[in-house]
Structures are given as C-alpha cells and as structure tokens.
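Good morning, colleagues. Please take a moment with the sequence and the structure on the screen before I begin.

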Amino acid sequence: MSYLIRRAAAIFSSSFPAATDIRIRDNRIVELGTDLPVQQDEHIINANGCVVWPGLVNTHHHLAQSILKGVPAGLNQGLGEWLGSVPYRFWPKITPTQMYHAARLGLYEMLRSGVTTCADHHYLYHHDTTPELEDAVWQAADELGIRLVLCRGFATEAGTHKGMARHNILPETLQQVVDRLDHSRKRYHQPQQDAMRRLVVAPTSLIHSSRPDTLEILAQYAKCNGLRRHSHLLEVAFDEHQSLEKYGMPAIDYAAERGWLGSDVWFAHLVHSNAHVIERLADTGSGIAHCPTSNCRLGSGIAPVPQMAKAGVPISLGVDGSASSESGSMLQELNLAWLLHRAVCGPEATTLEQMLEWGSKGGAKVLGLKDIGEIKVGQAADIVIYDIARPRFAGIHSPLMAPLLCAEPAAVWYSFINGRPVIEKGQLKGLDEAELTRQVQLSVAELLSSV
C-alpha cells in the first residue's frame with residue numbers, strides 16, 4: 001500500500017527540515033520533499049494545518065495499571081507503601097479478560113497521544129500465573145496494530161519487596177521463569193529491526209526480589225537468546241540502602257557485578273543517581289526510561305537527566321503505570337520533562353527538540369529498534385500527524401512544537417505504524433470507545449469485588 005502525506009505545516013526531520021510531503025510505500029518512508037507528484041494508486045493524506053512527528057516510543061509502562069487509576073488508599077503514599085496499597089493489592093486477582101481490557105485502554109491512551117511503540121513492563125507473574133494473562137497483552141497490541149515490547153517481569157523471592165511481602169504473594173521459581181520466558185520467546189519474539197513484537201528479560205527489581213545467582217543466570221539467558229534487559233533501579237533511596245546492607249556495595253555496582261549493565265540494558269527511573277551512577281551508565285551505554293510524572297506523583301524525586309545526557313547516557317521517556325501516572329500520555333511526559341528540569345536547572349537545561357528526540361529516536365535506541373524513531377528515507381513508516389488547526393493552537397508561533405508546548409489535549413489526525421494507518425481522520429481503527437469504556441468499568445467493578 002502506498003500513501004502520500006502532503007502539505008504539512010511542518011515535519012520533524014533532521015534529514016530534510018524543509019519537507020512538507022512524505023511518501024510511504026509498503027512499510028517504508030521512500031521519499032521526503034515539497035510538492036511531490038502524485039503517483040498511480042497512491043492514497044493521498046491531506047496534512048494541511050497539521051504537523052508531522054516520528055511516532056513516539058514509550059520505554060516504560062505497566063498496562064495492567066490502566067484499571068488501577070486513582071486508588072484512594074495510595075493517593076498520598078510514597079512508593080514503598082503505595083506498592084502494597086495499589087498494584088500488589090490487586091494484581092494477583094486480575095484475570096486474563098480484565099488484563100485484556102486494561103491493555104486495550106492503556107494502548108488506546110498511548111495511540112491517542114502519538115505513541116507508535118510501547119514497552120510494557122509486565123510483572124503479573126507468580127507461582128500459579130496462567131499464560132493467558134500474558135497472551136492478553138500480546139493480543140490487545142496485535143488488534144490495535146501498535147508495536148509492543150513486552151518486558152517480562154519476574155520475582156523469585158519476596159525478599160525486601162514490600163508489596164510482595166505484605167500480600168503473601170508466592171513468587172515463581174527460577175525454572176518457572178526460564179520455562180515461561182522460553183515459551184514466550186519462541187511464540188512471540190521477532191528479532192528483525194522493524195519488529196512488531198519484542199520480548200525483554202525484566203526482573204521487577206534487581207535489589208529486592210531476586211537472588212544474585214538468579215540475576216546472573218537470566219542475564220546470560222538474555223545474552224544467549226538476543227534479548228535486551230530492563231528493570232527498575234534507584235527509584236527511591238531504599239534501593240541504595242538495601243544494596244549496601246545486603247550486598248555491601250552501591251546498587252549500580254551490584255547491577256554491574258550481576259551482569260546487568262550494558263548497551264542492551266535500560267532502567268526505569270534512576271531518580272537517586274549520583275556522579276558515580278552516571279559515570280557507570282555512560283561507560284557501559286546503559287540507558288534510562290525517564291518517568292517524570294510518576295516520580296512527581298509518588299514524591300520520589302527528579303532524575304538528573306540533563307547531567308546524564310551530557311555524560312552520554314542514552315535517554316528515553318516512559319509514561320510508567322496509570323496507577324501512578326493517571327494521564328497515560330506521552331505528550332504529558334515530554335511537556336513535564338521539558339519544564340521540570342528548567343525549573344530546577346534553568347532555562348538552558350532542556351530544549352523542545354531534545355525532548356522530542358528523547359521521546360522518539362532516543363526510545364528506539366534504548367529498545368534496539370534501529371529502523372524506527374526518525375522521519376528519513378529508508379526508515380519504517382512510524383509517523384504521527386497532529387492536527388493543530390484548532391483554537392488552542394491558533395496563537396502558536398512555533399507550529400512544529402505545538403503538541404509539546406501546549407501538551408494535552410492534542411488531536412492525532414493520522415497515525416501510521418509500520419506503514420499502516422491505525423488512526424484515520426482522528427478515529428482509532430478497530431476500537432469502539434463506548435464499548436471499551438463499558439468493559440473497563442466492568443473490570444474495575446469486578447476487581448473491587450474480589451479483594
């Protein structure tokens with residue numbers, strides 16, 4: 001299928017900044033220019049009054065939390081207590097059907113904010129977990145046409161993980177983790193650079209819920225099978241305290257000792273990073289999924305991302321779960337990241353262009369997807385078109401950055417993923433919003449009745 005996007009107000013493309021037109025053939029961008037001639041059998045997309053960005057890449061999410069928004073018990077709690085009051089209170093009760101509707105809601109919110117690739121840190125695994133729970137996430141992504149990187153979480157002991165200990169959740173055995181990973185890898189993982197499905201080895205916590213030898217074994221499993229690695233780290237100071245107490249070394253050094261640093265590794269949060277942490281990340285090429293909204297919401301702090309960027313740490317952005325970042329929007333993350341660091345470090349700390357690169361090209365790099373994240377010839381056609389011909393954007397003097405400057409609510413007019421339109425003229429294909437709302441509300445009611 002061929003498409004010609006024509007007469008955009010602006011296109012974010014470092015290879016052709018003056019371009020107004022994009023030609024897509026099959027799943028690739030084949031031409032950029034101005035006033036490109038229409039070719040036979042080409043579908044014309046009128047982008048007049050619109051700006052065009054590379055699809056956004058969300059590198060850390062928890063789709064299951066889409067049905068855990070604003071739980072009263074956790075509204076004023078920090079991470080440690082919140083884990084017990086919210087996600088770990090509910091997740092052993094979540095059924096595959098509820099997971100399916102939660103995933104559809106989370107992915108819907110992603111697509112509506114301009115995301116074309118979502119990395120879901122899916123940690124709903126315990127001793128008696130059924131495979132259908134994970135299958136529901138893959139199914140939802142397939143149906144909506146979004147790229148999914150499933151970061152397969154695990155915990156092999158409750159350890160110092162407050163949420164697991166509080167709710168007496170029986171962890172998986174190491175053998176269960178390996179067997180279940182292997183099943184998912186063979187069924188779903190795609191190694192190609194424009195993969196629609198990727199599997200990642202992703203312990204829920206390096207410090208709190210896995211033995212050192214378990215981490216080493218699963219790091220080796222990932223390397224042998226060409227899988228990337230991901231986890232939470234240094235979201236709160238408790239990580240560092242526990243690492244020093246249990247292992248006699250800082251958390252970042254413990255990660256290195258266990259084989260969990262490298263260019264195929266990225267961590268969510270890293271809020272409590274010092275110069276030593278930043279140096280080790282930069283030296284090894286280990287990346288960050290910066291989640292400013294969730295870190296603000298839980299009072300965890302602000303990751304020193306400008307300093308990381310200057311040191312050469314790969315930077316990406318993540319929405320985190322909707323139980324601690326209820327907006328569920330990548331535009332929210334871009335806007336807050338831009339503002340937050342300027343508030344702390346001054347107006348030179350961040351630029352709009354930098355934020356958009358972190359949210360697209362930076363995310364693709366962290367996920368190892370080399371064929372996405374940019375608008376240039378030869379790249380897979382992951383493209384989002386925002387309609388800015390609306391009153392709230394009418395006074396804007398920087399149209400290309402209008403969706404980031406003004407943030408939500410924004411309007412995605414078209415979204416292409418792998419060359420296929422998943423949003424057309426503002427309508428998300430294959431999803432009935434009223435039915436989605438009804439099913440999610442029903443899932444919430446069922447979940448509340450089960451605890």
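I shall go through the cysteines, the strands and sheets, two helix pairs, and a single leucine.

First, the basis of what I present. This is a predicted model, in which local features need pLDDT of at least 70 and side-chain atom pairs count only at pLDDT 80 or more, while totals for chains, interfaces and linings use all residues. Residues are numbered from 1 along each chain as its sequence is written, and side-chain values use heavy atoms, with hydrogens and water left out.

Let me begin with the cysteines. How many disulfides does the structure hold? The structure holds zero disulfides, a disulfide being a pair of cysteine sulfur atoms within 2.5 Å. For C118, the closest cysteine sulfur is that of C151, and at 8.8 Å it is too far for a bond. C345 is also without a partner, because its sulfur lies 13 Å from the closest cysteine sulfur, in C296, which is too far for a bond.

Are these two cysteines buried or exposed? Here buried means under 20% relative accessible area, exposed means over 50%, and partly exposed is in between, with a 1.4 Å probe and protein chains only. C118 has a relative accessible area of 0% and is therefore buried. C345, at 35%, is partly exposed.

I turn now to the strands. Helices (H or I, at least four residues) and strands (E, at least two) are DSSP runs, numbered from the N terminus. Two strands pair if DSSP finds at least two bridges between them.

Consider strand β10, residues 197-201. This strand is mostly covered, with five of its five residues buried. R197, L199 and V201 point one way from β10, R198 and V200 point the other way, and all are buried. β10 has a parallel pairing with strand β9, residues 147-152, over five bridges; within it, L148 stands opposite R197. β10 also pairs in the parallel sense with strand β11, residues 228-233, over two bridges. There, R229 of β11 is the bridge partner of V201.

Next, two open sheets. One has four strands in the order β4-β3-β1-β5, and its pairing is mixed. Its edge strands are β4 (28-33) and β5 (43-46), each of which pairs on one side only. Neighbouring strands of this sheet are turned by 20° against each other on average, direction ignored. Within it, strand β1 (residues 2-6) and strand β3 (residues 21-25) form an antiparallel pair over four bridges, in which Y3 stands opposite I24.

The other open sheet has six strands in the order β2-β6-β15-β16-β17-β18, with mixed pairing. At its edges are β2 (10-11) and β18 (427-428), each pairing on one side only. Strand β16 (residues 412-417) and strand β17 (residues 420-424) pair in the antiparallel sense over four bridges, and I417 stands opposite R420 of β17.

Now the helix pairs. Axes are lines fitted to C-alpha atoms, for helices over the stretch in contact, and angles run from 0 to 180 degrees between N-to-C directions. Angles under 35 degrees count as roughly parallel, over 145 as roughly antiparallel, 65 to 115 as roughly perpendicular, and the rest as oblique. Contact means heavy atoms within 4.5 Å.

Helix α3 (residues 96-113) and helix α16 (residues 433-450) pack at an angle of about 135°, their axes 9 Å apart. α3 is therefore oblique to α16. On the α3 side, the contact residues include H101, L105 and Y108, and on the α16 side they include L436, V440 and L447.

What of helix α13 (residues 330-345) and helix α14 (residues 352-367)? Their axes come within 10 Å and cross at roughly 140°, so α13 and α14 are oblique to each other. The contact is made by M330, L334, A337 and W338 of α13 with L352, M355, L356 and G359 of α14.

Finally, where is L405 placed? L405 sits in helix α15, residues 402-406. With 27% relative accessibility, L405 counts as partly exposed. L405 and L352 are 53 residues apart in sequence, and their C-alpha atoms are 7.9 Å apart in space. Not counting residues up to four places away in sequence, L405 touches N335, W338, L352, I396 and S398. Two of these residues return us to the helix pair just described: W338 of α13 and L352 of α14 belong to that contact.

Thank you for your attention.
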